[in-house]
Amino acid sequence: MRRLVLVMVAAAALPGAASAVDPARAITQYGHRVWRVGDAGLDHEPLSLAQTTDGVLWVGTTNGLSRFDGKQFLRWQRVSWAPVAAGFVGHLLAARNGDLFAGSLVGLSRVSHNEYYTYRGSLNEAGPFTEDSAGRVWLAHLGDRREARICSIGRTRLHCYSPNAGYHCSGGESIAAGGGELWVGGPFGICRWSPGRQSRIYSLGGAGASVTQIIYGADHSLWASVRSGSPETGLWHFEAGTWKRFRVPGFDSTRLDIWSLLEDRRGSLWIGTLAHGVYRLSGGRVEHFDHLDGLSSDSVSYIFEDKEGSIWISTARGLDQLFDLPITRFTAREGLRDGLHVISPAPDGSVFVAGMKSIERVARNGQTSLVTTYAEAGTPNNLLADSRGRIWVGTTTKLLLFDRRRPRRVTDVTGSSSKTIWALAEDKLHHVWTVGTDIAAPYTSRLWRNDPGGRDQKIKSPAKTGPGFYRIASDLAGGLWVLVWKQGFFHYDGSSFKRIPSLDAETRKIGEQIVPVAPGEAWVTSLRGAAWLKDGRTRVLNADGGLPCDEAVGAALDASGDLWLTMQCDLVEVPASELARWQRQPGYRVQVVAFGPAQGYSGDEGSDLVRSANGALWFTGGSEVYEIDPGHIPVNSLPPLVQIQGLTADQRDFTAIHQAVLPELTRNVEIDYVALSYIQPDLLKFRYRLFGHEREWTDAGNRRQAFYNDLPPGSYRFQVTACNKDGVCNQRGASITLVIPPAWWQTWWFRTLCVAIMLGLIAAAARWRLNAYAKSMRIRFDDRLEERTRVARDLHDTLMQTVLASKLLAEGGQMINTVPEGRAVLTRLSQWLGSAADEGRAAVKSLRSSVVETNHLAGAFEVAALEGWTDREPKTHISVTGELRELHPIVRDEIHRIGVEAIRNARAHSGASHIRVAIDYDHSLTLRIRDDGHGMDDDVLRVGKAGHFGLPGMRERAEHIGAKLTVSSSATGTELSLVVPGKAVFVGRPGPVRSFVQFWLRRFERPAQASAEVGS
């Protein structure tokens, strides 16, 4: 079973190698991609290939070295003067330590990560190469040097062996290492040598045997090819200590000019020829693949197998890739000879397919064979291989029967009452049922049962009108599921039909296939999706439930219970666990695996989906047959290696290695990345994130670029991960650090300076506002003081003068002789006028002077505390903090009245034993009065006591002078706090510099304190 699991793997490099292509499949059944010269940056003919340990695929061409990222061939030009940058690169070798060796017409080079080295000397046409089991790389061809010599390649120099060291071989057109020895092919045969031993030469039967290729296989086998033009031309195999020409029926290598050999990981031998394409020898079977099959050219220069198991073929006109597909296709190239339309499984695991004139068999190993032929009998509609070994074919004109137990002939069993056969089915009792057109009613189909004794029984349709029967299937209990054209879905128990109303909506949209699951349970496909029927209840699985589209054609359940659907969009697998959850939870959206065109599904399949005895699923489409084996779906288990390939900032390219410092004020950043998975790279999925800028990962799909605009200065880390086509992921991915330095106005010191200036401006504005407010308060207080003085002056100059004059007049009237009553009246009037004069003088005095004659508020509060004090009243403690300062008379009077009112209230109502008064001269003047009494109710604290105006009066006075009055109370007492801004209360405040100095002096000096207790 192919489970719906994404294999999450964190890997920094490709660990090992995946399996090779499946040798049981024909070459024409593999996935095939072609890049012709001129496509995707492949501008010149490819000559050789190699894949380094970091996963990069390198291509040597007639004009330089290129690297392939799955999408584009990128010219290697890191060192523009290097021979491999523009020369004829005919040989490549990727060593196990990660080095790439390249041989060109003008020298030998080594590319190692970011390092490049050219070996000095007169070498040309360097190569080919091989690597022995100890990791040493050997070079067999030295260009113009004619003496026999072989060299091992070091980091910076060559270590060569000559005849003096026992090496007597000439040439070096091919080389292979294995078994502790080196095998070198040249114009005179094959030379066998190892350091410290004398060489041995194998002439291969003649002096003119020019060996073009030698390979050492995994099973210690040796293969060699000899160039055409001599009697020894062809393929040779080393066995039992001698070289022998390899011969196999159907393959004559003497006609071939072989230039490349490859033994893949499955042991198949691939043979590349100069003019006849590619051959493969596997399990005694010979296959040929050339331009008629899609090969870019029949002239093959190199065959290579990469780490993911793909086969690469370089030709004179391009580069080809072959890889496994989940879906195997059978066509005329695989041996099918007829236009195929219908399919049926056979008991032995194979399948039968029927066409216009024949029945063919596709075996479990993929081999095709002809079963029988017959005269053309119309287009096949359905095919049934029953349990008795018979094959039934229903066409548009006849019903044909082929019994393999009897002579191989096809019998027409149409009968006299039916013509077109629409459906075939076999029930549990081994009855074969057919749906065919009734000759008596040409537009009506009937249901016939073929009994084992050969008798036919016609069953009338339950629909009173309409065409009649359309699809049938066994119910696995002796009855049938029956679909009536646009009339509904029925169950037939052998005697009567029972309608399933819950399926009316689906089956009226033309049902396609009925798949029985168990007695009472089935799946029905239609244009609206796949309907699940169980015990008369129905649910429909369609796009709303998680499928990629609605139109379902065929359906089948595999051995693991997964549901497979051939749909107009994809071949879809619904895992059994997802299916069970969907059946339990209405509204659940299933997670599916979809196989589209990239996996070999063309989307036009219109036949039923059937399951063979070996578990494989089969369907047809047009004239082709398709197979998918749920238990053997190829999976690429190698996580893709991720690389950051390019970095561009404001149209300027940067080297993307580990860290890049971008210019100041960078506006646009573009990051190019790739994942080196070469099997269907269009199905790669990327995710990336810019740490320091993004909180979430971005799912980029197959897009290979990330764009950012207007990044602020800072350090960022860009990370990208990738998953291959099978969900195998490289979670570590690749990353690069981006540093964008700030411009001078973006630096921290400039921002700090701006903040400081801004704070200074705010402070200056606040100070100006406070000064303006204090000035307005002083003006208002001065106006009040001036008004009081004017009123006092006017009282003295007018009313007081009048009262005094009246008093003098009354006193003078007392001296006049008058009646006693009159004299008494004048005396009382004089007294009253005297009292009025005294009160007027007192009022004038109060208007002209402050209630508190000095700035010493503490003394005034002490007087208020002692006024009428008795032993039963609380003791008052008065403390003063800070240096006494001159107060504005108006503000001073208001403070005095608020304090006196608070002290009197505490004495009268608090029930306290102590009252504490604290006066603090600082930036502001703070007055705190606290008692230890029983406190006040919240209502009294909020609005004051009814009929009393003490608290409201204090709040009004505080608001009048711009002070903040706070009164709090609890069960332990009441506290009053009055804070008057210094700018409003103090007269003659110092300037800002002096104020700043005084502020810090007060921080380091102990504040002056004075205290007194009143009433002790």
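**Questions from a first look**

Reader: Which side chain joins that of Asn636 in a polar contact of 2.7 Å?
Author: Asn636 sits in the loop between strand 57 (624-628) and strand 58 (641-649), where strands (E, at least two residues) and helices (H or I, at least four) are DSSP runs numbered from the N terminus. A polar contact is a pair of N or O atoms within 3.5 Å; within protein, one must be able to donate a hydrogen and the other to accept it, and residues adjacent in sequence count only if both atoms are side-chain atoms. At 2.7 Å, the partner of Asn636 is Glu308.

Reader: What kind of model is this?
Author: Residues are numbered from 1 along each chain as its sequence is written, and side-chain values use heavy atoms, leaving out hydrogens and water. Local features need pLDDT of at least 70, side-chain atom pairs count only at pLDDT 80 or more, totals for chains, interfaces and linings use all residues, and the model itself is predicted.

Reader: Does Asn636 count as buried or exposed?
Author: The cut-offs for relative accessible area are under 20% for buried and over 50% for exposed, with partly exposed in between (1.4 Å probe, protein chains only). Asn636 comes out at 3%, so this loop residue counts as buried.

Reader: What about Gly178: which residues does it touch?
Author: Gly178 lies in strand 15 (residues 174-178), and at 11% relative accessibility it counts as buried too. Its C-alpha is 8.4 Å from that of Gly217, although the two are 39 residues apart in sequence. Contact means heavy atoms within 4.5 Å. Leaving aside residues up to four places away in sequence, Gly178 touches Trp183 and Tyr216.

Reader: Which strands stand at the edges of the open sheet 43-44-45-46?
Author: Strands count as paired if DSSP finds at least two bridges between them. This sheet has 4 strands, paired antiparallel. The ones with a single partner strand have one side left without a neighbour in the sheet, so the edges are strand 43 (469-474) and strand 46 (497-499).

Reader: Within that sheet, which residue of strand 44 stands opposite Arg471?
Author: Strand 43 runs antiparallel to strand 44 (residues 480-484), with 5 bridges joining them. Across from Arg471 you'll find Leu483.

Reader: In the hairpin of strand 21 and strand 22, which turn residue has a positive phi?
Author: Strand 21 (residues 234-239) has 5 of its 6 residues buried, and it pairs with strand 22 (residues 242-245) over 4 antiparallel bridges. Phe238, for instance, has Trp243 as its bridge partner. There are 2 residues between the strands, and the one with a phi of about 55 degrees is Ala240.

Reader: And on its other pairing, which residue of strand 21 stands opposite Trp223?
Author: Strand 20 (residues 222-226) pairs with strand 21 in the antiparallel sense, over 5 bridges. Trp223 stands opposite His237.

Reader: Which element gives the largest share of the largest nonpolar core?
Author: A nonpolar core is a set of buried Ala, Val, Leu, Ile, Met, Phe, Trp, Tyr and Cys residues joined through side-chain atoms within 4.5 Å. The largest one has 35 residues, of which Phe861, Ile895 and Leu978 touch the most other members. Among the elements that each supply at least two residues are helix 6 (857-866), strand 71 (973-980) and helix 7 (889-910). With 7 residues, the largest share comes from helix 7.
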